[in-house]
Amino acid sequence: MSDMSGMSGMMGEGMDMGSDPMFRTYNQLLAKGYWYIVTFVVVFFILLRAIEYHQNWSRLKRCRTRNIKYPARPNNFFDQAYATGTAILREMSYPQFLLKNRWFTWLSPPPLGRVLFLACYWSVILYMITNKVVIRDAYYWERIGFRNAWVSVTQVPLVYLLASKSSLICSIVGSSHERLNWLHRWVSRTLLLTVTLHGGFFITEWARADFVKLELEMMPMVKYGIGAWSILVWTFITSLTPLRSMAYEFFVLQHIAAAAVFLWVLWVHVPSYASYNVWFAIGAISFDRISRFLLALYRNINIRGGDSCNRTKTIGHEVELRAVGRNITIVTIKDVHLSWKSGQHLYLWIPRLGLLESHPFTIATPCLLSKGCHCNEIQLAIDAKAGFTRRIFQYAMRTQGTTQSTLTGFVTGPYGTLPKWEAYETLILISASTGASFTLPILESILNNPGPICIQRIKFLLVVRERDQIEYYIKRLSDVLANAEAMGIDLDIEITITGDEELLGNDDTGAQLPEEPHSHPFEDEIEEFKEGNVQVKSHSSSSSTSYSHNPAPEHNCCSETKEKLKPLLPLRSHIVYSYCRPDIASIIRRPVEITGGETSIAVCGGRSLVACVRNSVASLSDERAVHKGTGAQGLHLHVEEYCF
């Protein structure tokens, strides 16, 4: 019977071969069910988006029209029930396990929320693969092979939808493409698994009947199927973090080429009645490319006349490069006719430094539009790593102070969907190094917001390794203090420098070190940190220096400091400097415990910082029993990582 069943496979083409018509009806029913589930999930997120929009609108309305002490807390049964459900889901979704070894950090699992979401997705796929298919008869191998073929081809459009920067799914659910990129990767890996099962069962059947060679000779479509599987394997391997980071530019180019070739070989491989999945994917990627192309034309071709904005280029934008410190480049893009929200990013293409390379960078400045002109000057703070970012820094170093430091660049965007920061009572902004390009514009936009806001206090933490990494931000941080005081917002800024102590000991102000802390001529404010560090802050308006002193030698992060006072950095009022590794849990806890409404925590940094913040927020929410009858209010977390 196996031989006869196998021979029947040579009589057809694609999934028409063999006994597929016997199984097609139920397989197509499962394929429809898959998209019904996807539609349900999208509708569910639309509903959540509508509820969140109404909640934010209600909070801001109460801030504007009523004298309410805590506008950012639930005020009716429905809001309280929604807040309780949200708190439970947040506590389940935030935790993340991180492998400490730097060589294997990339193998760390996703956050728990994503793991649970993937578990639900895999449950659906497992049901589709196994339901009514494991029957030990003459069609056992073909039945499972055809089932996995349908499950595989049905997933293809979703892979391409999730890869699109102008995705319809992103627009509908109110998310941005980089926040769904992780799902694109995992759905692609699931697709590779089901394609492997599809081909594996057919090859096993042919091997049992001993005509694998004959099948390959008589059925050309089989070769295209093997080609499609090979492309998926190649894409999976090259997408692994170590290989992707070795040559990111090459990865992008080959990834785009592989995606196009995969659709072609898949179209040749599948029968006509299943090819609608391929055309669906082609439509998704075509819509994305056409939309991005039209957006790029609109952003980079001056069709409005340059006189009103003093724009010097008809095509592209004038881009100035300036090197700051050891590895940071400040890129200034002039006369950009667009608006953006703080925290969004754009793609930058500078043909002179990378002919085929367009890279995403967070916009490091807030959008401040004037009444007469909508042109803006955008700045990007780029950390020089390798490839394109390293070439930008090297070029800026070579041309510093010359006319050659100006190039022609092209931008697309902005991209990114962000929370309504004004609707929270307390805001905690945590960033590392150039991650301040995400958090600082948010802080500036809030303190320059003419509309109603619920925010009463803000904690801003910046963690850097070396002092020169904060040169670009320090003046702007000092400026926001006056705005916060004028608005009546309690603003606490802390800059933590974790690098070499000797770098921190260089006092550029020329101030003399006092022998004892109490001999400082100004009124001092002493703050004790958990690590035992004592921070002395001068409130002099003319010249001030921050000193650090340990009252007793202890084996902690600050125990390597000397027993005498050492200068850190020039200090402005209410900006605290330290050179310990920050206790993230304590930093988050302090403002949360005095908050009467919901708190939002935003973090931008590497894997270790993000995982630490995730676990700290989840632990604190569970400890305080948020929205579970204790009176503790919600903790919202927004995460931005350096790469996606």
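Two strands are taken to pair if DSSP finds at least two bridges between them. In the predicted model examined here, this criterion yields an open sheet of six strands in the order 14-9-8-7-15-16, with parallel pairing. Strand 14 (575–578) and strand 16 stand at the edges, and since each has a single partner strand, one side of each is left without a neighbour in the sheet. From one strand to the next, the twist averages 10 degrees.

Strand 15 (residues 599–605) runs parallel to strand 16 and is joined to it by seven bridges, with Ala602 standing opposite His638 of strand 16. Strand 15 also pairs in the parallel sense with strand 7 (residues 426–432), in this case over six bridges, and here Ile428 is placed opposite Ile601 of strand 15. Together with helix 18 (residues 607–624), strands 15 and 16 make up a β-α-β unit, which is right-handed. Although strand 16 stands at an edge of the sheet, six of the seven residues in this strand (residues 635–641) are buried, so strand 16 is largely enclosed by the rest of the structure.

Attention turns next to the surface. A nonpolar patch of about 700 Å² is made there by Ile290, Phe293, Leu294, Leu297, Ile301, Ile303 and Ile315. Among these residues, Phe293 is located in helix 12 (residues 276–300); because exposure requires a relative accessible area over 50%, Phe293 counts as exposed at 52% relative accessibility.

How values were computed:
Residues are numbered from 1 along each chain as its sequence is written. This is a predicted model: local features need pLDDT of at least 70, side-chain atom pairs count only at pLDDT 80 or more; totals for chains, interfaces and linings use all residues. Side-chain values use heavy atoms; hydrogens and water are left out. Buried means under 20% relative accessible area, exposed over 50%, partly exposed in between (1.4 Å probe, protein chains only). Helices (H or I, at least four residues) and strands (E, at least two) are DSSP runs, numbered from the N terminus. A crossover is right-handed if, with the strands pointing away from the viewer, the path from the first strand over the helix to the second runs clockwise. Patches are made of residues with over 30% relative accessible area and no salt bridge: like charges are joined within 9 Å, nonpolar side chains (Val, Leu, Ile, Met, Phe, Trp, Tyr) within 5 Å. Accessible areas come from the Shrake-Rupley method with a 1.4 Å probe; for residues, only the protein chains shown count as cover. A salt bridge is a side-chain nitrogen of Lys or Arg within 4 Å of a carboxyl oxygen of Asp or Glu. Axes are lines fitted to C-alpha atoms, for helices over the stretch in contact, and angles run from 0 to 180 degrees between N-to-C directions.
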